[in-house]
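Visitor: I would like a close look at a single part of this model. Please pick one strand and follow its surroundings outward.

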Amino acid sequence: METPGRPFRLSVPGGSGAPAGAPSETAGRPFRLPAPRRSGAPGAPGEDTSETTARLRPVPADPASGEPAVPFARPATPPRPAHEPQAPSAPPHRSPAPVSPDPALSWSATRPVVSFGEPEGYDGDARPRPLVRRGAPQAAAAAVCLVLGLGLISGAVTGSWLVGGSGEEGSPSTFAAAGSLWHSVPVDQLFPPTVQGRGAGPGGADRTWTRIAVAPDSGCKNAFDPLLRKALAPVGCDRLLRATYTDATESYVTTVGLLFTTADAPGMTALANRFRKERLDRRSDLMPLPYAAKGTLAAGFGARQRASWTVSVLTEAPVVVYAVSGWADGRTVDDPQPAGDALEADATTAAAQAGLGNEARGLADRVERDFRRNVRSASEQPS
């Protein structure tokens, strides 16, 4: 039994030559684990067999170069990943397919080729041949264009006659019939009791004019101002017909006139060209005079009350159509404006803002259209 309080010692038997009962060298020393086995060069740090991390070892010096040993070696190459991304492979090389010429592009083809280098209508030997027949869609399109063209031409001719454009001169029989129309057509056909003016007002509004007075047919004495009478003198004066209308609200009054001249077709054409070139229809000193009928809304419609006007010289008939408008309350106008200018979008005069230019132009156009229809009816009647 060991003595209590004495530290435990592990005695390691000595060598084979140690006497029995003699104390060993390690007697009285604490127990220590044996040092791990070392390998490699003398003086190198030892390696534990239980280590799992690679340890960098010094690189021995190269005896040939005489350089000292590097304390640590170059780090090891990291391991490759399990799946490496593969670089995209180049598409396989393909040889171009052989190109064979199109027989249609050959000069010897039976069907002609439409190109900029070969004129259509000739064969391979440059001999004339019939043109290629057009397809059904192209033929239909050409027929439609032809019909539309004829319609536009006929419409232009009809519009020139009905609206009053200075176009071709009418036939001698038509021109003569128009000159004598004033004594063969009733007044209600020349100046209808009611005139409808669809789209004739400002902004395309409709207008309705009612006739309030008709002047007896007379000559041109005292019917125009001196300057206008002088401008109209080359065509002469056969008869003058006039009528005065008011609008549906009885706010405006307008006198429209038909001057039948004694001139022939060349004389009317010369006068029309002069009015157009010299812009005589825009001069305020060449305004027509109104017809102020007593006892009507136009009783106070005098020279000082004229606000807007228009003058149209026809070339298919010996007639000059005009109209002049003003307020029905008899107010005077200091800045009258021709209807062509008063109809402009930027016109700011009182006459333009009130629509008096529309009154003069709209009523004159409708009376002129009725007159042309009467001329056409008279020329179609058998003599």
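Guide: What follows is a walk around strand 6 and the elements that meet it. Keep in mind that the model is predicted.

Start with the whole chain. It has eight helices and six strands. From the N terminus on, the order is α-α-α-β-β-α-β-β-α-β-β-α-α-α. Of its 383 residues, 31% count as buried. The chain exposes about 25,600 Å², and carbon and sulfur atoms supply 56% of that area. Among contacts with a separation of 6 or more, 64% are between residues 24 or more positions apart.

Now the strand itself. Strand 6 covers residues 319-327. How much of it is buried? Nine of its nine residues are, so the strand is mostly covered, with buried meaning under 20% relative accessible area.

Next, its partners. Strand 4 spans residues 252-260. Strand 4 and strand 6 are antiparallel and share nine bridges. V253 in strand 4 has G326 of strand 6 as its bridge partner. Strand 5, residues 308-313, also runs antiparallel to strand 6, and six bridges join the two. Here S312 has V321 as its bridge partner in strand 6. A hairpin of five residues joins strand 5 to strand 6. Strand 6 thus pairs with both strand 4 and strand 5. In general, side chains in a regular strand alternate between the two faces of the sheet.

Look at the aromatic side chains next. The whole structure holds two aromatic pairs. One of them involves strand 6 directly. The ring centres of F224 and Y322 lie 5.7 Å apart, and their planes meet at 70°, so this pair is edge-to-face; the cut-off is over 60 degrees. Y322 sits in strand 6, while F224 lies in the loop between strand 2 and helix 4 (226-232). The two are 98 residues apart, so to speak of distant parts of the chain is fair, and the pair links them. Are these residues buried or exposed? F224 is buried, at a relative accessible area of 5%. Y322 is buried too, at 2%.

The other pair is F260 with F371. It is also edge-to-face, with 5.9 Å from centre to centre and 75° between the planes. F260 belongs to strand 4, the partner of strand 6. F371 belongs to helix 8 (residues 356-380). They are 111 residues apart, and again the pair links distant parts of the chain. F260 is buried, with a relative accessible area of 0%. F371 is buried as well, with 1%.

Stay with helix 8 for a moment. E368 is found there. Is this acidic residue buried or exposed? At 2% relative accessibility, E368 counts as buried. Its C-alpha atom is separated from that of V321 by 6.9 Å. The two residues are 47 apart along the chain. V321 is the strand 6 residue that bridges to S312.

Now turn to helix 5, residues 265-278. It has 14 residues. From first C-alpha to last it reaches 20 Å, close to the 20 Å expected at 1.5 Å a residue. Its buried residues include A265, M268, L271, A272 and F275. They cover an arc of only 130° around the axis, so they lie on the same side of helix 5. The face turned away from that buried side carries the exposed residues P266 and K277. What covers the buried residues? The cover includes strand 6, along with strand 5, helix 4 and helix 2 (172-179).

Strand 2 deserves a last stop, as F224 lies in the loop that follows it toward helix 4. Strand 2 (residues 207-218) pairs with strand 1 (residues 194-197) in the antiparallel sense over four bridges. T194 has T210 of strand 2 as its bridge partner. Strand 2 also runs antiparallel to strand 3 (residues 239-247), with seven bridges between them. There, R211 has Y245 of strand 3 as its bridge partner.

To recap, strand 6 is buried in nine of its nine residues. It pairs with strand 4 and with strand 5. It supplies Y322 to an aromatic pair, and it is part of what covers the buried residues of helix 5.

Note on methods. Residues numbered from 1 in each chain as written. Predicted model: local features only at pLDDT ≥ 70, side-chain atom pairs only at ≥ 80, totals over all residues. Heavy atoms only, no water. Pairing = 2+ DSSP bridges. Phe/Tyr/Trp six-rings, centres within 6.5 Å; stacked < 30°, edge-to-face > 60°. Buried < 20%, exposed > 50% of the residue type's maximum accessible area, 1.4 Å probe, protein only. Contact = heavy atoms within 4.5 Å. Areas by Shrake-Rupley, 256 points an atom, 1.4 Å probe, with all protein chains shown as cover. Expected span 1.5 Å × (residues − 1). Arc of directions from axis to C-beta.
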